[in-house]
Amino acid sequence: MSVIEAAIRGGAVTVLLLAATLLLRDRRQVPTRLYSALFALSVAAYVIASAPGFSALDLRWRLPIELASFGTPAAFWLTAAAYFDDDFKPSLYRHLAWLGLVLLGLWQMPGNQPAADFLHHGLSLMFIVLATWHAFIGRDADLVEARRRFRLVLVMSTALYTAAVIVSQWLLPGSAASAPFSFINAIGLLALTSVYAAARLSVSAFGQFAASDIPDRSASLPREVRQNDPAPAPGVNEQDAALLTALDDLMKNNKIYRQDGLSIAVLSAKLSVPEYRLRRLINQKLGHRNFSTFVNGYRLSEAIAALGDPSQSTVPVLTIALDTGFGSIGQFNRAFKAHTGMTPTEYRRERSNGMQNAPSDLSPIPESASLSRN
């Protein structure tokens with residue numbers, strides 16, 4: 001390995017270790033940063049493990065670094081899920097998926113293990129695909145413009161680069177540690193890690209729009225403001241105030257939220273404003289990160305009123321769900337239970353039985369209501 005390549009790899013490892021240290025420092029305030037730290041450490045281990053001559057080192061030094069590098073694709077998937085999915089919750093199966101990939105890597109370490117090689121590389125590609133899926137699946141409903149750009153730029157470049165490395169190692173074993181691939185790989189890793197660390201650690205670039213890093217301001221708004229969104233917030237200029245009024249008219253009076261397939265594009269066209277401006281308004285002035293959550297707040301408010309209305313006691317739950325704009329009974333049930341803690345049928349029953357158990361003055365619609373997407 002040349003001095004230049006060693007310097008490049010050393011720089012990449014330094015950047016990643018610094019990023020991991022800062023992320024771990026804040027993990028108690030923001031638990032999901034633990035996944036970003038895990039990813040940074042995994043990539044740092046891969047930078048070292050893929051260096052020429054690494055295989056000649058003593059096994060006692062190699063083993064922990066190799067094990068950490070084996071789980072990099074799964075760590076990438078966990079990081080993408082944690083920051084792009086507003087409904088992400090840590091779960092045992094996610095952690096076991098990472099551990100399983102690490103154990104498969106351990107199985108293939110002695111060499112001449114075609115089954116282990118096939119499974120490890122195949123699952124690694126699957127995790128890259130899943131991470132890409134997380135980046136794309138919620139992009140249209142994402143109201144945070146910076147995070148929407150981050151989904152495409154960094155995640156896609158990281159996914160394509162990682163997939164290329166996995167395929168090359170699969171088809172050409174040992175190529176990553178031989179010239180000229182080793183040098184090219186080192187340059188690519190330094191470039192990606194520098195961009196990742198700058199984006200992840202910069203408050204203006206990533207910290208302010210990570211799904212779990214910013215509070216849901218809508219959850220702290222008074223009930224009358226939250227249910228009657230949009231309401232002008234302090235410091236709103238005249239243009240934004242006019243747009244909020246027009247949005248208020250569409251949502252409350254025209255009940256556009258009932259429209260099938262309502263999207264940010266449709267709503268912005270109705271208001272004759274660019275999408276980015278409407279996204280920014282709903283996000284920054286009304287405190288929402290997800291368009292589906294914003295719209296579902298109106299849908300659930302109407303559905304709750306209908307289910308608690310004795311004059312509508314014979315109206316089927318499915319009819320209420322479809323009339324309020326939900327695409328299916330499944331979407332409605334998930335969003336309703338996430339907000340009230342009970343199914344629509346249970347809520348109606350409790351309200352009809354003395355109304356003592358069913359909540360009539362519900363708290364603001366939470367981010368978990370985004371489980372029901374348009």
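**A walk through the cores and a helix crossing**

Let's start inside this predicted model: its largest nonpolar core has 33 residues, and L16, V47, F76 and I128 are the ones with the most contacts inside it. Which elements give two or more residues to this core? They are α1 (3–25), α2 (33–49), α4 (72–84), α6 (114–137) and α7 (145–171). Of these, α4 supplies the largest share, ten residues.

So what does α4 look like? It has 13 residues and runs 18 Å from its first C-alpha to its last, close to the 18 Å expected at 1.5 Å a residue. As for burial, 13 of the 13 residues of α4 are buried, so this helix is largely enclosed by the rest of the structure.

For a residue-level look at the same core, pick I128. Leaving aside residues up to four places away in sequence, I128 touches P73, F76, A159, T162, A163 and I166. There is also a second, separate core of 22 residues, with A141, L244, Y257 and L286 among them.

Now jump to a pair of helices. Two packed helices are described by the angle between their axes and the distance between the axes. Here α14 (residues 291–307) packs against α16 (residues 329–340) at about 85°, with the axes 11 Å apart. Angles of 65 to 115 degrees count as roughly perpendicular, which makes α14 roughly perpendicular to α16.

Which residues meet at this crossing? From α14 come L300, A303, I304 and L307, and they meet F332, A335, F336, H339 and T340 in α16. Sorted by class, this contact has seven nonpolar residues, two polar ones and no charged ones.

Definitions and conventions
Residues numbered from 1 in each chain as written. Predicted model: local features only at pLDDT ≥ 70, side-chain atom pairs only at ≥ 80, totals over all residues. Heavy atoms only, no water. Core = buried A, V, L, I, M, F, W, Y, C linked by side-chain atoms within 4.5 Å. Buried < 20%, exposed > 50% of the residue type's maximum accessible area, 1.4 Å probe, protein only. Helix = DSSP H or I, 4+ residues; strand = E, 2+ residues; numbered from the N terminus. Contact = heavy atoms within 4.5 Å. Axes fitted to C-alpha atoms, helices over the stretch in contact; angles between N-to-C directions. Parallel < 35°, antiparallel > 145°, perpendicular 65-115°, else oblique. Nonpolar A, V, L, I, M, F, W, Y, C, P; charged D, E, K, R; others polar. Expected span 1.5 Å × (residues − 1).
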